[in-house]
Amino acid sequence: MPGQPLLDPKLDVIFKRLFAEAPDLLANLINAVRSNEPPIVELQVLNPQIAPEELTDKFIVLDILARDGNGQLFNIEMQTRNHAGWPSRSLYYLARNLGRQLQAGDGYQQVQPVIGIHLMDFDLFEEEQACWAFELRDRQRPQIRLDRSLQLHLIELPKADRLHSQGGSTLADWILYLKHWQEVVLMQSIESPAVKKAHARLQALSDDDEARRLAFVRERALHDEVTEKAEAEARGRLAGKVEGKIEGKIEGKIEGRTDTLRRQLQLKFGALPDALEQRLQSADEATLTTWSERVLFAERLQQVFGADGIKG
């Protein structure tokens, strides 16, 4: 029935449906993020379909891969969770798309840039900046750029919302839409025709029973991922505590046996040489047991620690 509550456009399955099925909206978003670059006129989505197994896979992100009229490749992702190793993962997939371009006999001049655009519903950096553009540049002279084959744009949506939602630009409208899609008054203030179209598409998706079912399946998989991760961390903490207690007991037991053996040796032979004291401190439980048995019958320290136990 019409008028259903709006689905979250940041849910990766909904994000992909919104933009992969409407390349004009995807091009508008890319142009808004890369406003200082020549605008994209033609854009082809290379992976518009969503396989059933992708919906239930808890540890993937449903990305969008597209190519413009010049051959540049774009990888667009909506990230709602800050995974460990996230930067390395992102660069790996960009580099993989770069390496896949050449066939046998192709020249390197045929390589086209691979450009990542990742919208993140979390703050990644402590700095106040919210929109980032990474390229291969010199550390001391960042104005010197080595190459543009790999580029990665990051938009920290919570921070960007605070900093840019009042700006009136197309990017500000996209940020406003992605963060406040449920707020009618704010949605009415948006001026960008493309963002208005995206909001209308979101309402149509939200009114579609199958889209809502797929969104539920995807949300359940992501909730399962969070739960499994939390349970694994809890098990790890518990195992660490148990292991720590066991190690503590073993160390305490060895320390007690060391003190007892030291007193026996001092009573029988007097003060211990430094070399033997060091051996006593580093001995394991089995060695302490052997020495404790020997001290009962030994007449000299050598008979406790062995022939090479002491020198002189």
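This is a short walk through a predicted model of one protein chain, starting with the overall picture and ending with a few charged residues.

Okay, hi everyone. Let's start with the layout. The protein chain has 312 residues, and 38% of them are buried. You'll find 12 helices and six strands in it. As for how the chain folds back on itself, take the contacts with a separation of 6 or more: 64% of those are between residues 24 or more positions apart.

Now the strands, and I'll stick with E6. That's residues 145-156. On one side of the pairing list we have strand E4, residues 114-120, which runs parallel to E6 with seven bridges. If you want a spot to look at, Ile117 has His153 as its bridge partner in E6. Then there's strand E5, residues 131-137, which is antiparallel to E6 and joined to it by six bridges. There, try Leu136, whose partner in E6 is Asp147.

Next, the nonpolar part. Which residues touch the most other members of the largest nonpolar core? That core has 49 residues, and the answer is Ile14, Phe19, Leu26, Trp174 and Tyr177. Helix H2, residues 23-33, gives the largest share of this core, with seven residues. A separate core of 13 residues also turns up, including Leu288, Trp291, Ala298 and Phe305.

Back to Ile14 for a second. Leaving out anything up to four places away in sequence, Ile14 touches Leu7, Asp8, Pro9, Leu202, Leu205, Ala211 and Ala215. Ile14 is also one of the buried residues of helix H1. H1 covers residues 12-20, and eight of its nine residues are buried. Among those buried ones are Asp12 and Lys16, alongside Val13, Phe15 and Phe19.

Right, charges. The whole structure has 13 salt bridges. One of them pairs Glu21 with Arg201, with the closest N and O atoms 3.4 Å apart. Glu21 is in the loop between H1 and H2 while Arg201 is in helix H8, residues 193-206, so this pair ties together parts 180 residues apart in sequence. Both ends are partly exposed: Glu21 has a relative accessible area of 43%, and Arg201 has 21%.

Another one is Asp121 with Lys179, at 2.7 Å between the closest N and O atoms. Here the loop between E4 and E5 is tied to helix H6, because Asp121 lies in that loop and Lys179 in that helix, 58 residues apart in sequence. There's a network too, with salt bridges linking Glu37, Glu135, Arg137, Arg145 and Arg148.

My favourite is Glu156, back in strand E6. Is Glu156 buried or exposed? It counts as buried, because its relative accessibility is 0%. Glu156 has a salt bridge to Lys159, with the closest N and O atoms 3.0 Å apart, and Lys159 is buried as well, at 3% relative accessibility. The Glu156 side chain also reaches the backbone nitrogen of Leu124 at 2.5 Å. Its contacts beyond four places in sequence include Met120, Phe122, Gln129 and Trp132.

Last one, Asp173, over in helix H6, residues 170-180. Asp173 is buried too, but has no salt bridge. How far away is the nearest side chain of opposite charge? That's Lys196, at 8.2 Å. What Asp173 does touch, not counting residues up to four places away in sequence, is Ile190, Glu191, Ser192 and Val195.

That's my tour, thanks!

How values were computed. Residues are numbered from 1 along each chain as its sequence is written. This is a predicted model: local features need pLDDT of at least 70, side-chain atom pairs count only at pLDDT 80 or more; totals for chains, interfaces and linings use all residues. Side-chain values use heavy atoms; hydrogens and water are left out. Helices (H or I, at least four residues) and strands (E, at least two) are DSSP runs, numbered from the N terminus. Buried means under 20% relative accessible area, exposed over 50%, partly exposed in between (1.4 Å probe, protein chains only). Lys and Arg count as positive and Asp and Glu as negative; His and the chain ends are not counted. A salt bridge is a side-chain nitrogen of Lys or Arg within 4 Å of a carboxyl oxygen of Asp or Glu. Contact means heavy atoms within 4.5 Å. A nonpolar core is a set of buried Ala, Val, Leu, Ile, Met, Phe, Trp, Tyr and Cys residues joined through side-chain atoms within 4.5 Å. A polar contact is a pair of N or O atoms within 3.5 Å; within protein, one must be able to donate a hydrogen and the other to accept it, and residues adjacent in sequence count only if both atoms are side-chain atoms. Two strands pair if DSSP finds at least two bridges between them.
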